[in-house]
Amino acid sequence: MNLPDIHTQKLLDCLTHSHLGFALYRLPWTDECYLVLQTSGDVEQLADIQELNEKKGFVVAPFRISEEHPLVLIRPDVTAYDWNEISEALSSLECVDTLLTCKSRQNELSPFVSEETDKEQYTRAFGRFITPLQEKQFQKLVLSRSSARHIGDDFSPLGAFVRACNNYPRMMIYLCHTPASGTWLGSTPEILLSGQGKEWHTVALAGTMPMQDEVMPTNWDKKNQEEQGYVADYIRRIAKKFGNKMTEKGPYTARAGQLVHLKTDFYFLLKNTDHIGDLLQELHPTPAVCGLPKEEAFRFILNNEGYDRSYYSGFTGWLDTEGHTDIYVNLRCMEIKPGEAILYAGGGILASSEVESEWVETGDKMNTMRSILHPDFISKQMETIKVEE
Ligand SMILES: C=C(O[C@H]1C=CC=C(C(=O)O)[C@@H]1O)C(=O)O
């Protein structure tokens, strides 16, 4: 994907610190992106996921809905597809001149935390997670962490979005901003729910290995298979509850950037598209980001993980049950703030998990975003890490 013309680049970057809500997203294996923009009023904030029933717009849902992290819906006052349409749509906005003068607000940077301290905190959290797993209170728990990275004043969120599109053809890439949720950029491999009419699709994605010199490893150990099996059992049950004629493909090895995961696809005929919010409510948070049993794991994570997941491991994407819906789990993502980016990643923990390999895995997952942070990284990355296809 090329960058749009310079005026459009500037406008899209300005939108990330404006009072408007917008999302730019590109679906896997496509080369053009969509723009969804709400041109007036505050974005809608919903009290719970079920309120998404019969709604249309771009959804940004946190891991847990709170006053600080509301579930937001961007009303599609303007929608456009490809840079030509997007440029035209933006240029004809009434507020275009005001937009160009929008300055980003100053932000107090997160205190510097060394890699060592990060690891110590993670290790302590791992200790809190592994004990109840070994005592069989949980079958699985997902432990995650965040890490702040400095970004220069000249950082362009749009530039990073385009780099992500070019580096990760298999992923859904999005750049989204609302005053209520902040600015987020992600490159996610995990569909939560997509479809149109009666035909719908969801996946069970779990288990991780690094790519081996552009070759996909397929030697999945018992821990990874078990971890993905839990997710698949859960998704299968929900898909059967809300759908008919379910078919299943997998598990198979699927690439996501410089990682591979185990994936099962579930295709089904949705009984009632008016209840999409109910279905999302039951799917989220899946055991790929939370744990089992679900409610207990959700509470355990909130009380013991030791930090705020915010919108990481929530879900995001386009919702339109009269057209097409493409909603993804918010993984391999970062929040962009003035001067810094907060990167997030986690991994499934079972009683047999080991802290060192889990720590390394979260770092590998964070590299998905880290590698698009700096413009000069693009050439370095081309040399050292081949682009996916
Ligand atoms: C929780 C994340 O990934 C999930 C998706 C695929 C594989 C995962 C794993 O192997 O643990 C996780 O369940 C993340 O990227 O932060």
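This is a dialogue on how to read a predicted model of a protein with a ligand.

Trainee: Where should I begin, and what is the mean pLDDT of the chain?

Mentor: Begin with the predictor's confidence in each residue, since the model is predicted. The chain has a mean pLDDT of 93, and 96% of its residues reach 70 or more. The exception to keep in mind is residues 378-389, where the pLDDT is below 50. In the model that stretch has 25 contacts beyond near neighbours in sequence.

Trainee: Which ipTM and pTM does the predictor give the complex?

Mentor: The ipTM is 0.99 and the pTM is 0.95.

Trainee: Now the sheets. In what order do the strands of the sheet with β3 and β12 at its edges run?

Mentor: To read a sheet, take the strand order, then the pairing sense, then the edges. Here the order is β3-β5-β4-β15-β16-β10-β11-β13-β12, which makes an open sheet of 9 strands with antiparallel pairing. Strands β3 (44-46) and β12 (243-256) each pair on one side only. On average, neighbouring strands of this sheet are turned by 20° against each other, with direction ignored.

Trainee: Which helix packs on this sheet?

Mentor: Helix α7, residues 276-283, does. Its contacts are with β10, β11, β13, β15 and β16, and its direction makes about 160° with that of β10.

Trainee: How many bridges join β4 to β5?

Mentor: There are 3, between residues 56-61 of β4 and residues 71-74 of β5, and the two strands run antiparallel. Within this sheet, F58 stands opposite I74 in β5.

Trainee: What is the strand order in the sheet that holds β1 and β2?

Mentor: That open sheet also has antiparallel pairing, and its 9 strands are ordered β6-β2-β1-β8-β9-β17-β18-β7-β14. Because β6 and β14 are edge strands with a single partner strand each, one side of each has no neighbour in the sheet. Helix α2 packs on this sheet and touches β1, β2 and β6; the helix direction makes about 150° with that of β6.

Trainee: Over how many bridges do β1 and β2 pair?

Mentor: Over 5, in the antiparallel sense, with β1 spanning residues 21-26 and β2 spanning residues 34-38. Y25 stands opposite Y34 in β2.

Trainee: What should I look for in the backbone angles?

Mentor: Look for departures from the usual pattern: most residues other than glycine have a negative phi, and most peptide bonds are trans. In this model D82 has a phi near 80°, a positive value in a residue other than glycine. D82 sits in the loop between β6 (78-81) and α2 (83-91).

Trainee: Which residue is joined to H284 by a cis peptide bond?

Mentor: P285, with omega near -15°. P285 is in the loop between α7 and β14 (291-292). Another cis peptide bond joins L292 and P293, with omega about -5°. P293 belongs to the loop between β14 and α8 (294-304).

Trainee: How many residues surround the ligand?

Mentor: A binding site is read from its neighbours, then its polar contacts, then its buried area. The ligand is surrounded by 17 residues, and T208, A288, Y312, R332 and G348 are the closest.

Trainee: Which residue has a polar side-chain atom 2.6 Å from an oxygen atom of the ligand?

Mentor: Y312 does. K365 also places a polar side-chain atom 3.2 Å from a ligand oxygen atom. For G348, a polar backbone atom is 2.8 Å from an oxygen atom of the ligand.

Trainee: How much of the ligand does the protein bury?

Mentor: Taken alone the ligand exposes 390 Å², and the protein buries 100% of that.

Definitions and conventions:
Residues numbered from 1 in each chain as written. Heavy atoms only, no water. Pairing = 2+ DSSP bridges. Helix = DSSP H or I, 4+ residues; strand = E, 2+ residues; numbered from the N terminus. Axes fitted to C-alpha atoms, helices over the stretch in contact; angles between N-to-C directions. Contact = heavy atoms within 4.5 Å. Near = heavy atom within 4 Å. Polar contact = N/O pair within 3.5 Å; in protein donor to acceptor, adjacent residues only side chain to side chain. Areas by Shrake-Rupley, 256 points an atom, 1.4 Å probe, with all protein chains shown as cover. pLDDT = per-residue confidence, 0-100.
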